[in-house]
Each structure stands twice: as structure tokens, then as C-alpha cells.
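Hi,

Here is the structure I promised to pass along. Please have a look at it first, and my notes follow below.

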Amino acid sequence: MNRIAVAALVLGLAGLAAGCARGPASGLVPADDREFASAFREPVGRGTAPRVDALFAPDAQCAVAWLGSGAFWNGDVELTLLDSSGVLLDLHTPAPAGPHADLPAARRRDAHIAVRAFMPWTGVAADTAGWLRLEIRAAHPGAGLDLAVRSGGGAAYPLHPHAPPGERFGYAVHEDRLLRDGRTVAIVAAASGAAATITPLPAAADSVPAQLRQALVHLAAGATGATWDVWIAPVGGAAANASPPDRQLAFAASLARTTAAWQAGIARGAAITHPDSRVSGALLSAHRLLVGNRERRNGATHFLGSPFQYRDLYLRDGARVVHALALLGRTDLAGQALTSLYEFQWPGGAFLSQRGQLDGTGQALWALGSYAALGGDPALVDRLVGPALRGARWIALQRASATLRGGPAAGLLPYADPRDNELTRGHLFGNDAWAIAGLEALAPLVRARGRAATADTLAAEISAYRVRLLDAWDAAARRQGRALPPVLEGGGRDWGNLSAAYPCGVLAADDIRVVALDRFLRAYHTCDGLLTYGPSDSIHHYLGFDRTQAALRRGDRAAFRADLEAILDHAQPDGSGFEFASRDGRCGENLPPHGTFAAMFVDLVRSSIVYERGDSLVLFAGAPANLAADAGAGLVVRALPTRFGALDLAARLATDGVGAVIEATLPAPAKVAWPPPARVRAVIDGNGTPLPVTDGRFTLPAGRATWRLEFEPAAGGEEGR
């Protein structure tokens with residue numbers, strides 16, 4: 001694993017957030033161990049969103065948000081750091097300079113306070129509640145601060161579904177434990193040169209909201225500074241005598257074990273080393289979330305929509321997660337997530353996880369097809385083909401019934417009131433686009449299992465369905481005066497219609513209707529490079545990903561790169577993404593990170609490197625201009641799944657500094673358009689044989705080989721790069 005990835009694992013994969021304070025003129029205080037600093041030179045995100053660091057571990061039944069205000073919030077209990085005057089020690093994102101530029105910091109006027117936090121994990125699959133461990137270090141002698149603990153959180157804090165309800169909470173102290181109603185909610189131990197005094201507040205007057213009644217822990221440093229070891233118990237608290245994980249280990253030793261577990265988990269499957277450090281940071285964050293955003297209850301694994309407010313995985317988000325996990329080579333996890341999606345099938349055959357969301361049937365079928373095509377377990381596919389066919393029959397029956405009724409919606413799925421996405425009641429064209437995508441994904445699975453007649457029936461259904469959908473869609477477009485409207489009857493927010501070209505494939509990416517929709521959205525529903533959702537100042541972080549995928553596939557590299565930069569600019573410093581927010585970055589209770597953003601970002605980056613088209617691959621369609629910036633960098637992928645088999649690929653500057661070298665094991669022929677400004681004039685294989693090059697484009701044959709690329713001279717006579 002490269003140095004950048006290893007260094008970032010501590011911050012991104014171990015769920016660690018580390019901070020150092022700024023003194024009056026001293027700059028950033030260095031951490032004791034350089035490993036705690038990410039090797040990325042700058043934060044990924046540059047937007048205005050308040051910082052949120054998600055601290056979680058695979059299988060844990062809760063997560064903790066380290067908020068920009070300085071508070072730690074687990075969905076039940078909040079812990080904040082206060083100075084002696086009661087002022088929050090807030091987090092801030094330092095300017096992008098120096099080795100600690102992308103670390104959150106605890107800040108106060110009179111002392112340097114360094115805070116590090118993570119959720120211990122051994123890497124063993126087991127039910128675990130989810131304790132958070134903090135190290136608080138005061139650099140100045142005599143420094144003092146308070147920890148404030150309260151229940152209920154604030155107005156913008158999402159509640160965990162297992163948070164205990166109560167109008168009154170009673171706090172008590174037992175040795176180094178803070179108890180709430182007899183259960184441990186925090187443990188505070190003086191590790192060195194320090195004292196900690198736990199002081200519950202006296203009974204508050206009725207004028208103080210009971211859920212905000214809090215307990216204070218006073219921390220006082222000795223003559224040489226101090227270090228404190230702090231644990232926040234899981235949601236609902238722990239038993240009065242419960243011992244947190246790794247309490248017998250020092251903070252650094254526990255962190256090292258957790259980091260090793262994350263490194264082992266993230267190393268499984270495919271690997272991508274990207275020359276763009278911001279893409280690398282966001283990709284690592286997405287990878288971490290996808291493989292770690294799950295909990296175990298009674299021995300069963302449950303995948304989540306996000307660590308905080310979406311502690312379920314429904315069809316719309318789940319189909320994307322299955323696809324992304326398969327792209328990462330984690331078909332073990334993809335299979336578990338896929339199985340959970342098939343639990344949403346109703347007796348009549350439809351897949352429905354939320355009221356009125358009729359796109360779920362197509363998404364369940366599409367997810368199965370993606371899983372199978374990217375190397376999923378054939379035995380699981382065999383088991384799920386039967387339920388998938390029942391879903392296909394449900395689609396056919398709904399279309400037949402609508403045809404008998406006639407009217408503008410003849411041959412389409414029924415009207416629906418999804419209370420999400422399009423946010424209107426009507427015939428949503430996205431439901432039909434997803435149904436076609438699901439049927440097309442199912443057909444080859446059925447044919448491969450010897451059911452030719454059923455596959456032929458599906459093919460005929462798909463062909464007729466596509467014609468009917470486009471006829472209805474075009475008629476609605478003429479009535480509404482816009483391309484590919486989201487709802488047959490008019491109104492509604494753009495959502496399912498954005499998926500018509502990718503991933504549904506109902507229309508080609510360069511179809512005039514897809515291009516017109518893209519232009520319309522960029523002209524009227526885009527803010528700061530992202531699509532708006534509802535009000536013009538409400539930006540959505542992942543809504544435009546399918547639009548960007550379509551731009552990539554029709555060769556609009558400029559639009560793709562602009563979209564990618566906007567996505568990264570609005571990301572959190574660690575590269576994670578949100579769902580929607582106001583333009584000033586407020587997310588309300590919908591905290592980042594979001595699992596669907598992570599899934600769609602993985603898909604987007606993978607497509608920029610390689611995607612399937614017909615019987616071949618397309619390489620480097622969205623690769624950055626610095627793809628071969630130096631001989632030690634470049635782009636490298638290992639064991640990356642494709643529909644044709646696994647891909648290994650390395651593209652680097654040639655060792656002599658002139659031209660580039662591609663080393664690859666290709667499971668199918670690959671069409672290549674090297675990113676500008678370089679323009680390829682010759683491609684030579686290991687035997688010295690040139691390949692045909694037309695307008696800078698060429699095709700590499702399947703198999704394992706090395707090719708040298710020669711570029712046309714740039715202005716001034718030097719080789720272009």
C-alpha cells in the first residue's frame with residue numbers, strides 16, 4: 001500500500017480525528033506521533049459546510065459525530081469541551097499549509113489542547129455496542145478545562161433509534177464513572193500529570209429543560225501538562241461496572257490495533273492509487289464508509305444508509321451500495337447487502353421498502369445483475385433469480401393493466417406518492433426507467449441458466465416497454481416544454497429522470513434528449529457546480545452524479561472534470577459527502593457522511609478510469625491531465641472487477657521522462673483516449689510493434705502486455721505531457 005494511503009488510514013479508516021491548537025504565534029503544535037497526521041497536503045473539501053468527523057467501526061451499533069462545534073454526539077449523549085469560562089473549545093479547519101493542515105483542532109486562548117478520538121475495533125466480526133475513546137492532552141502546565149455531558153443533544157442532532165426516552169435524567173458519580181440513571185455514559189481517567197473531578201450539577205430548576213441537565217467533569221493539569229483518557233459509552237449507556245474495549249491497553253496501543261484491523265479490511269478486494277490527492281482522499285473515505293457502515297445485532301449483519309440518521313438500508317440507496325461494493329471487489333459484503341434488499345419483496349412480487357417508491361423493483365433486479373456481472377457468488381445468484389423473476393412478472397402485470405386502462409400512462413407503472421425524491425404524486429418516469437434497467441440486467445442471468453424461452457420473453461417485454469416509455473416521455477416533454485421531465489403529469493423535482501442514460505441505459509448518453517436535460521439543469525438548477533434540490537440555495541451533493549456519468553460517456557471531459565471539482569470542493573475535509581444542504585453548508589439533522597454519496601463516488605471514479613461499452617473497455621475517459629506527471633506517480637489499479645473479468649493497470653511517465661508507459665492485464669480490448677494536453681502519436685508494444693493510432697486514440701488488445709506511448713511535440717518543440 002502506498003505511503004499516502006497508509007498515512008490516511010489512521011485518519012480515515014480508523015475513524016480517528018486528531019487535533020492540535022494554534023498558539024498566539026507558534027503555528028500548529030506537532031503531534032507526538034507523525035502517523036496521526038494525514039499525508040494529504042490539504043483538506044479535500046473547500047466548501048462552507050460545518051465540519052463533521054464520523055467516528056465508527058464495522059459491526060458497532062452506534063457511531064459518534066465529532067461536530068464542528070467541538071461536541072461529540074452519539075445519538076443519545078453529547079460530550080463537549082469547555083474552558084474555565086464555559087466557552088466551547090470548537091473545532092476548526094486550519095489553512096492548507098503544513099503536515100497537519102487537514103486535521104480538526106481544539107482551540108482555546110490560554111493553552112494548547114490536543115484531542116484525538118477513535119472507536120476501538122479488533123477486526124473480528126462480533127456484536128459490539130460502540131465505545132468511543134478520546135485522548136485529551138494539555139501542553140501547558142496548570143491548564144484546566146471542563147467536560148460537559150448532557151442527554152438529548154441539540155436541535156440539529158439526529159437521534160439514535162435506541163436512545164432511551166425520558167423527561168428527567170439523574171446523574172451520579174462512581175469513582176471515575178459518570179452514571180445516568182444507573183448506567184455508565186462516560187469514563188474519565190487521569191493518564192498522567194492530571195486530575196479529574198466528576199461533578200454532577202445539582203437538581204436544576206424547572207426552568208431548565210430536563211433533557212439538557214448535564215454533568216460536569218473538571219480536568220486540571222499538573223506542572224508539566226497532562227493527559228486524560230476518556231470513553232463515551234454506547235447509546236443507552238453501559239452497565240454500571242462495564243469495561244470498555246482495550247481499557248487495559250494504552251491509547252496508542254489500542255489505536256495501533258484498530259488501525260491494523262482497518263488496514264487489513266481495506267486491503268481486501270480492488271485497489272486504486274490515483275494521482276489526484278483530493279480524489280484519493282475522497283475515494284479512501286468512501287471506501288471506508290462502504291465497508292464499515294454496518295452493525296451486527298444478534299449475530300446478523302445489517303447495512304446502514306449512514307452512520308447517523310439513516311440506520312437502515314433501503315432499496316434506492318442499497319442498490320447503489322451493492323454495485324459499489326462489487327466494484328471494490330468486496331462481493332462478500334455486496335452479497336450480504338443484496339440479500340438484505342431481497343427481504344423487501346412483497347408477496348405479489350414487487351420490491352418495496354418505502355411507501356410509493358415503485359422504482360425499488362427495478363433497482364433490486366439491477367443490483368442482482370450488477371453483482372453477478374462483477375464476480376458475485378453464482379450460488380447466491382441462483383437463489384435470487386427466482387424472486388427476481390417474480391419481480392419481473394409484477395412489472396409485466398402492472399404494464400398490462402395500465403395498457404387496458406389506456407390514456408397517457410398506458411403501458412407504464414402505476415402512479416405513486418413516494419414522499420421523497422420527486423416529492424409529488426403522479427406517474428414518475430424514473431420508476432419505468434429503473435424497471436427497464438432491472439429487466440435488462442435479469443435477462444442474461446436467466447439465459448445463462450438455460451431458460452432461453454423466459455429470456456426471449458423478457459427481451460420482447462424490454463423492447464416493447466422501451467418504445468412505450470419513450471413515446472410517453474416525448475409526449476410529456478412536448479406538453480411541458482422541457483426535455484425528459486420527471487413526472488408525466490408535470491411538476492415534481494428532477495430525480496429518476498436523471499438516471500435515464502446512466503445507469504438505466506434507456507437512452508444513450510449522447511441522445512439529444514439527455515444532452516438537452518443536461519443543458520437545462522446546468523442553466524436553471526445548478527448552484528456552485530452542484531444540482532439544486534427544491535429551493536435554489538439548497539444544493540444536493542450526489543443528485544448530479546448520474547448526469548456526470550452521462551457526460552463522461554459522451555466524451556464531455558470538460559463537464560466531467562468541472563463536476564468532479566465541484567463535488568470535491570463541497571466535500572468534508574476528509575472527502576466524505578452529504579445529502580443536501582443550504583448554500584452556506586447547514587445540513588440540519590442530516591449529517592454527513594452519506595452512504596449513497598460514497599457508493600456513487602466510487603462508481604464515478606471507477607468510470608473515469610475504466611468502464612464497459614459493448615464488447616470492450618474504455619480507459620482514462622475522465623483521468624486527470626497529470627496522469628503521468630512524474631515517474632513515481634501515475635495511476636495504478638489492482639484486481640479491479642469489470643464485466644469481462646479483473647483488470648490490472650498502471651499508467652506512468654516513462655523512466656526517461658519522455659512519453660508514458662501502460663502496463664496492463666486486460667480482460668477485453670480497451671479503447672484509450674489519453675487525457676489532454678498530451679496527444680498520442682505512437683503506441684509501441686514490448687516487441688517494438690506499433691499499434692494503429694487515429695486522432696490520438698487507439699485500442700489495446702486483451703491480455704497482459706506493456707506499451708510505450710510517444711506524444712506529439714507541444715508548442716515549443718518539447719514532448720507533450
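**Strand S5 and the largest pocket**

Strand S5, residues 77–82, is mostly covered, with six of its six residues buried. Please keep in mind that this is a predicted model. The cover extends to both faces of S5: Val77, Leu79 and Leu81 are buried on one side, and Glu78, Thr80 and Leu82 are buried on the other.

What does S5 pair with? Strand S4 (residues 72–73) runs antiparallel to S5 and is joined to it by two bridges. Within this pairing, Phe72 stands opposite Leu79. S4 and S5 form a hairpin with three residues between the strands, where Gly75 has a positive phi near 95°. S5 also pairs with strand S10 (residues 144–151), again in the antiparallel sense, over six bridges. There, Thr80 has Ala148 of S10 as its bridge partner.

Now for the part you may want to open in your viewer. The largest pocket holds about 1000 Å³ of space. Its lining is made up of 32 residues, and those nearest the centre are Trp366, Tyr502, Pro503, Glu612 and Arg643. Two or more lining residues come from each of these elements:

- helices H4 (315–327), H6 (360–373) and H8 (429–448)
- helices H11 (545–553) and H13 (595–609)
- strand S24 (610–613)

How do the lining residues divide by character? There are 18 nonpolar, five polar and nine charged residues in the lining of the largest pocket.

Happy to talk it over whenever suits you.

Best wishes

Technical notes. Residues numbered from 1 in each chain as written. Predicted model: local features only at pLDDT ≥ 70, side-chain atom pairs only at ≥ 80, totals over all residues. Heavy atoms only, no water. Buried < 20%, exposed > 50% of the residue type's maximum accessible area, 1.4 Å probe, protein only. Helix = DSSP H or I, 4+ residues; strand = E, 2+ residues; numbered from the N terminus. Pairing = 2+ DSSP bridges. 1 Å grid on protein atoms, 1.4 Å probe; cavity = no way out; pocket = protein on both sides within 12 Å on 5 of 7 lines; lining within 4 Å. Points joined across faces, edges and corners; volume = space filled by probe spheres on them. Nonpolar A, V, L, I, M, F, W, Y, C, P; charged D, E, K, R; others polar.
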